[in-house]
Amino acid sequence: MSRRFAAVDLGASSGRVMLADLSGGLSLTEAHRFPNGPVRVGGRLYWDILGLYREILAGLRAAGPVSSIGVDSWAVDYALLDESGAMLGNPVHYRDDRTAGVAERVAGSVGAEALYEVSGLQVLPFNTIYQLLAEPRLGDAATMLMIPDLIGYWLTGEAGAEVTNASTTGLLDVRTREWALPLIERLGLPAGLFPPLRQPGDAVGGLRRDVAGEIGWSAPVRAVGSHDTASAVAAVPATGPAFAFVSCGTWSLAGVELPGPVLTPESRAANFTNEAGIDGTVRYLRNVMGLWLLQECLRAWPGSDLGELLKAAAAERPFAAVVNPDEPAFLPPGDMPARIAAECRRTGQRPPASPAAYVRCVLESLALGHRLAVRQAMELSGRDVEVVHLVGGGSRNELLCQFTADACGLPVVAGPGEATTFGNVLVQARAAGLVSDLAEMRALVAASRPLRRYEPSGDRAAWDEAASRVF
Ligand code: ADP
Ligand code: LRH
């Protein structure tokens, strides 16, 4: 059996097919990378799911034969299928506004406490539960498949629901890790929509013959931590339990890994989430708006260069303006500099005067968001934290890593940038008997990539003052 594995990893800003080789240590190469993002059609925001699938096939063809394939993606979004397995319409992007007011309605009818007690999930307007309740075609649907499960279905013909991603729907019982059927019934959702659950490491199926013909080889598909954040946290190169993580890409997911959920009223009030992780772990975290803020600024400045902007931002005046990165106004696509300027004015600050000053504002604001989430995660869970592991594309942003260390007053260990891919392939490697537990997986990641450590520095009181402006 070969020791090569393919990871399909769909992020909100790019997708990639990565090839891992475990013949000696763990090496990773990029077989194919392709852009991803929202597409607006007729006033609605969608994913270009067929375009993504075409790129996945191109990536698998380029990767060449492997022992198995694993698929992960961003959470919460899904496709509805009819009885014949055909897709009913294009998957809607979680940044679409169709769920406006739905979370409030559900809290009014079921009760926010009751919902949290069952799912342990933070309230985000786009959680699957709210999307389904805003769904016009539910009556025609036979099955709901989350995005990685949809890709798995197209590759193999086998339908199922991988549990880490199912936990982001708001419809999974956080204690039993089964579909929360009483809640599903109470909401009037058809229970039959939700396919049988799969665990990371379970077999999904062999490639369909036509798919194998198209890519030129065949291999089984295996369930992994199909929520990208589940895979990323599985690959955090921590050496013990006293760590916090920031999985930093389009979103920053900041929190701690726990053996069980925290469902206290304080935890609900702080809008902390309990997502299902590998091996029964819980990702106890809150979403921080993440590098989306920077991505949308760059989109507003055609021709700008991220590297140059980051250099210039480092020379800008500290704390000239900061915003709460989680302002709901920042969620949809649109003119981000204008929205940041409006938020600065609203909080009595002068808006940034140049792109570099905006970038400085975004990075300091994100670091403040990381600090608040890490501190609250520690307080609410009682977990000691000695180090913050920052993984994902954001770990390549040195200024953000240093600001996060300074703001948290803790060392930051940055990398790997491809933590999600590592988590994806290591669950496959474990199913093949090549690695044992999470600790061994993490040690392999640490040994295969140079990690950079940032010590906290700077003026602690200045961070406190900046935080007091926005939270
Ligand atoms: P996602 O999986 O959500 O699409 P990624 O983890 O791929 O996100 O992270 C993408 C982000 O990482 C980019 O928007 C960018 O801000 C940041 N990034 C990637 N490479 C670099 C780099 N070399 N320097 C600074 N930032 C980077
Ligand atoms: C990160 C992520 C995050 C979810 C969001 C929708 O890619 O999966 O964990 O909250 O996308």
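**Two domains, two ligands and a helix crossing**

Let me begin with ligand 1, which has 15 residues around it, and of these G11, S13, G249, T250 and G393 come nearest. I should say at once that we are looking at a predicted model, and that everything I describe this morning is computed from it.

If we sort the shell around ligand 1 by residue class, we find 10 polar residues, 4 nonpolar ones and 1 that is charged. Where does ligand 1 lie with respect to domain 1 and domain 2? Both domain 1, residues 4-228, and domain 2, residues 238-415 + 436-470, give residues to the shell around ligand 1, so ligand 1 lies between them.

Turning now to ligand 2, there are 14 residues around this molecule, and those that come nearest are W74, A75, D228, T229 and W251. The shell around ligand 2 has 7 nonpolar residues, 6 polar residues and 1 charged residue. Because domain 1 and domain 2 both give residues to the shell around ligand 2, this ligand, too, lies between them.

That brings me to the domains themselves, which the domain assignment of the protein chain gives as domain 1, at 4-228, and domain 2, made up of 238-415 and 436-470. Taken over C-alpha atoms, the centres of domain 1 and domain 2 are separated by 25 Å. Where the two domains meet, 26 residues of domain 1 are in contact with 22 residues of domain 2. On the side of domain 1 that touches domain 2, the elements giving two or more residues are α3, at 112-119, and α6, at 163-166, and the largest share, 3 residues, comes from α3. By class, that side of domain 1 has 11 polar, 10 nonpolar and 5 charged residues.

Finally, I would like to look at a pair of helices, α12, residues 306-314, and α14, residues 355-381, whose axes come within 8 Å of each other. How do the axes of α12 and α14 cross, and at roughly what angle? They cross at roughly 80°, and since angles of 65 to 115 degrees count as roughly perpendicular, α12 and α14 are therefore roughly perpendicular to each other. On the α12 side, the residues that meet α14 are L309, L310, A312 and A313, and their counterparts in α14 are P355, A356, V359, R360 and L363. The contact of α12 with α14 divides by class into 8 nonpolar residues and 1 charged residue, with no polar residues.

Conventions
Residues are numbered from 1 along each chain as its sequence is written. Chains are lettered from A and ligands numbered from 1 in the order in which they are written. This is a predicted model: local features need pLDDT of at least 70, side-chain atom pairs count only at pLDDT 80 or more; totals for chains, interfaces and linings use all residues. Domain bounds come from an automatic or database domain assignment. Two residues are in contact if their C-beta atoms, placed from the backbone, lie within 7 Å. Helices (H or I, at least four residues) and strands (E, at least two) are DSSP runs, numbered from the N terminus. Ala, Val, Leu, Ile, Met, Phe, Trp, Tyr, Cys and Pro count as nonpolar, Asp, Glu, Lys and Arg as charged, and the others, Gly among them, as polar. A residue is near a molecule or strand if its C-beta atom, placed from the backbone, lies within 6 Å of it. Axes are lines fitted to C-alpha atoms, for helices over the stretch in contact, and angles run from 0 to 180 degrees between N-to-C directions. Angles under 35 degrees count as roughly parallel, over 145 as roughly antiparallel, 65 to 115 as roughly perpendicular and the rest as oblique.
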